[in-house]
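Biologist: Please take me through one part of this structure slowly. I would like a close look at a single strand, and then at what lies around it.

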Amino acid sequence: MAKKTVIADVDRGIYDVINREDHRFVVDKGLTEAIIREISREKNEPEWMLNYRLDSLKVYKEKPMPTWGADLSDLDVENIVHYVRPNTDMQHSWDDVPEDIKMTFERLGIPEAERKSLAGVGAQYDSEVVYHAMRDDLKAQGVIYTDMESAVREHEAIVKKYFMKLITNRCHKFSALHGAVWSGGSFVYVPAGVKVDFPLQSYFRLNAKGAGQFEHTLIIVEEGAELHFIEGCSAPKYSVQNLHAGAVELFVKEGATLRYSTIENWSRNMYNLNTKRCSVEKNGRIEWVSGSFGSKVSMLYPMSILKGEGASSEFTGITFAAKGQYLDTGTKVVHAAPNTSSVVNSKSISKDGGHAFYRGLLRATPNAKNVKATVNCESLMLDNRSKSDTVPIIEMGNDQVDIGHEARIGRISDETIFYLMSRGIPEAEAKAMIVRGFVEPITKELPLEYAVELNHLITLELEGTIG
Amino acid sequence: MYQTPKWQRVKLEERLFEGLKDHQDARCNVSQPEHHISAVPVESLDIAPALYIEDAMTKHLGESFLAYTNEQAKNGYFFTAKGRSETPVKVQTAVGRLNIENHWIIAEEGAHATFIFDYSATDEAPSKHFGITRVIAKPGADITLIKVQRLGESDSFFDQCFSSVAEGARLRMVDIQMGAKTKVVTYESHLEGRHSAAELKSLYYGAGGEQLDLSFTMRHKGSKSESDILSKGVLDGDSKKIFRGNLLFDTGSPQSVGREREYVTLLSEKVQSDSIPALLCSEDDVIGEHAASVGQVDEMKLFYLMSRGISEREAKRLVIKAAFEEVLGTVADEQVRNDVTEALDRRLD
């Protein structure tokens, strides 16, 4: 009889705190033109934005539901409240944020993060950003970090140039939905040559029952600039299904570098149907660090479009699927220019009937000569009630490519355990060491606070029980 | 009415199955098998009760292909193997304008046999081949199945092979695709029994505007089962290839090992090479691995050969032939090896 390590579920304790709902403005359930107009009016948006929303609504109604991947038949979009505004205006001092909202964030460690002098924190609660602050020296250098609504009004020219240009409302049904009802999110603009030496952070959190979150993140890193942006997501647990259909658009200009880190821990009733894309120009670089732990269903494939010569991308991802979760994650890399390179490292763990699915695409267009790419997928299964699937698609459009791909699925090998045990390490500790080592490539990519949070999130009960 | 499947990656001609069935003019010649192998033409048998075999299998080529081939086939044999046979059974088919065939190989307990299917073109062009082969390997059987396709440049070849491997049985498959404009090949093996094993070695050459669609599936159902897929190919001209390798581990297949490897050599900048390797796993105590590499002919090897005074063209030829040799060397029949080498030489010129 083979012995197995049992690893405890993510401890959700502090993440599943529900606050009393107290909103000044909630739109009716369902999606109609009147609702879109109401959202736009409430946000005091320019005409072009309203028109874009209405166009998106039209596309949304016409587009079919995706027929692959997760089963979305339980998702009733008409019943999700698309816009919920918390009963507070934007605050610039932490002390002015209402007590219960503040408590939630404090539980999640947001102010601590800022006290540790991180460059800036934006926290989104339900659909609006409630708190934003950034170090003054960055402001002086021309770095803009604000919420999307303010950006639409105050930096209209830049927003208009980039907004929904990479992810259009015609990409798929949920990008159309996003275009129609988007609300909140972060806007970051880093001028040419500015190197932001501390990570900027933003935290999303859903509190209202049955509310969808459709935040839009737009980041532009100009020529030669550098930025690290961290996004964290956590929502309390509700019985009514929640939908998250955000959009992240990243523009990395010539010679610029952007690192985009996400730790996602939505509650287990969330449909996380997020779209993320990055365009990388000549000699630019995008680095994704992605952790998917929460949600009931995730379909998330951050895409890197290497469109300038010498552009590069790196994706480091971990997915942990536990009981009742179907996490369909991966990444897409399109090599659309010569001398581009990419690295994908994906890890997944499934346990207790969870289903982890890696779905990836690696494409080199006919003109993308001299491409170098490697894809590595590793999956760890902790029991045989769980499922782990890997489907990496590779499409090569010319002969000047050097592609390496490896995928492995398996469990903790008995031989490794035996080796460690022969060195005097107890079995449970040996297994724990191996799991920790498996997750390590991700934790080491994160700043300390987030690495701690990630560990907190997993709270892998590493002493392991034998059964 | 048989509908042409609509595929995203390989474009098939309109009305693929129409207006041809009365022109089945393929000629099939079976070498005299040893006494413990019987060969009965399927035309004389009622095959309907045996069609259950593919029920659990994926219909990669579509229901129309399956129905068409099952209903219209005039060619094919029902082989039953018992005991140990040393000489391979050779089934040589001159495809003519149209060949629709249905073969069965039933390997009784402990049977040991090799079957070679060789498809060649006649002067009739274009030729079309639609074929299904089923292999039932009963406990302890050891079966080798070799398929060699050497059709002409305007021909098409659609072939599907279903196999079921019982406890302790072993199935070795070799698929060599040298000719044809459209090559669509599917193999699916179900490793039903404990300690069952299946391996598939695939070789192909694509040039001009040729299209290749290769789907290889190994489904592990029994414990301690083993599978191995190895695909090696060369793409030239503006040829297009799709490789789908599926390794499935069902719950109840602990301690199974499945591997798939794919190596593609690209000789032209206009080629399109797609790969979709899937590992689908519902059992934790297994090893599933996939590795792929796509690239040009190894520069180090070329450099070495060229530094010995061999021209670049000849050096590339040698490197490719050496790569093919790994698979070709396992083919037991000398005639087949020579035919393939000759076809490869012709294509590399």
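Modeller: What follows starts with one strand of chain A and then moves outward to pockets, cores and chain B. Keep in mind that the model is predicted.

Start with strand β23 of chain A, residues 355–364. Is this strand largely enclosed or open? Count its buried residues. Of its 10 residues, 9 are buried, so the rest of the structure largely encloses the strand. Buried here means under 20% relative accessible area.

Now look at its partners. Strand β25 of chain A, residues 387–396, pairs with β23(A). The two run parallel, over 10 bridges. Find A:Leu362 in the strand: opposite it, in β25(A), stands A:Ile394.

Next comes strand β20 of chain A, residues 326–329. It also pairs with β23(A) in the parallel sense, over 4 bridges. Here A:Leu327 has A:Ala356 of β23(A) as its bridge partner.

Strand β21 of chain A, residues 332–335, is another parallel partner of β23(A), with 4 bridges. Look for A:Val334; it stands opposite A:Arg363 in β23(A).

The strand also takes part in a pocket. The largest pocket has a volume of about 1400 Å³. It is lined by 45 residues, and the closest to its centre are A:Trp68, A:Arg359, A:Ile393, B:Gln8 and B:Arg9. Elements of both chains give two or more residues to this lining. From chain A these are α8 (173–181), β15 (275–280), β23 and β25. From chain B they are β11 (182–191), β13 (211–220), β15 (240–249) and β17 (272–281). Which element gives the largest share of the lining? It is β23(A), with 5 residues. By class, the lining has 22 nonpolar, 12 polar and 11 charged residues.

There is a second pocket to find. The second largest pocket holds about 720 Å³ of space. It has 27 lining residues, and B:Thr265, B:Gly295, B:Gln296, B:Val297 and B:Asp298 lie nearest its centre. From chain A, β24 and β26 (401–410) each supply at least two residues of the lining. Chain B elements that do so include β14 (226–235), β16 (257–266) and α2 (299–307). The element that gives the most is α3(B), with 5 residues. This lining divides into 13 nonpolar, 7 polar and 7 charged residues.

Now turn to the packing inside. The largest nonpolar core has 93 residues. Those with the most contacts inside it are A:Val190, A:Ile219, A:Leu227, A:Leu250, B:Phe79 and B:Phe115. Strand β24 of chain A, residues 371–381, gives this core its largest share, 5 residues. Another core lies apart from it, with 33 residues. Among them are A:Leu50, A:Val297, A:Leu361 and A:Ile393.

Take B:Phe115 as an example from the largest core. Leaving out residues up to four places away in sequence, it touches B:Ile37, B:Phe79, B:Ala81, B:Val89, B:Ile105, B:Ile143, B:Thr144, B:Leu145 and B:Ile146.

That list leads to a strand in chain B. Strand β8 of chain B covers residues 142–150, and 8 of its 9 residues are buried. Strand β6 of chain B, residues 112–120, pairs with β8(B) in the parallel sense over 9 bridges. One bridge partner of this pairing is B:Ile143 in β8(B), matched with B:Ala113. Strand β10 of chain B, residues 170–177, also runs parallel to β8(B), joined by 8 bridges. There B:Val148 has B:Ile176 of β10(B) as its bridge partner.

Now find B:Gly140, in the loop between β7 (128–137) and β8 of chain B. Is this residue buried, partly exposed or exposed? Its relative accessible area is 39%, so B:Gly140 is partly exposed. Beyond four places away in sequence, it touches B:Gly110, B:Ala111, B:Glu167, B:Gly168 and B:Ala169. B:Glu167 is 27 residues away in sequence, yet the C-alpha to C-alpha distance is 6.5 Å.

Finally, step back to chain A as a whole. It has 11 helices and 27 strands. Of its 467 residues, 64% count as buried. Take the contacts between residues at least 6 apart in sequence: 84% of them join residues at least 24 apart.

Key: Residues numbered from 1 in each chain as written. Chains lettered and ligands numbered in written order. Predicted model: local features only at pLDDT ≥ 70, side-chain atom pairs only at ≥ 80, totals over all residues. Heavy atoms only, no water. Core = buried A, V, L, I, M, F, W, Y, C linked by side-chain atoms within 4.5 Å. Buried < 20%, exposed > 50% of the residue type's maximum accessible area, 1.4 Å probe, protein only. Contact = heavy atoms within 4.5 Å. Pairing = 2+ DSSP bridges. 1 Å grid on protein atoms, 1.4 Å probe; cavity = no way out; pocket = protein on both sides within 12 Å on 5 of 7 lines; lining within 4 Å. Points joined across faces, edges and corners; volume = space filled by probe spheres on them. Nonpolar A, V, L, I, M, F, W, Y, C, P; charged D, E, K, R; others polar.
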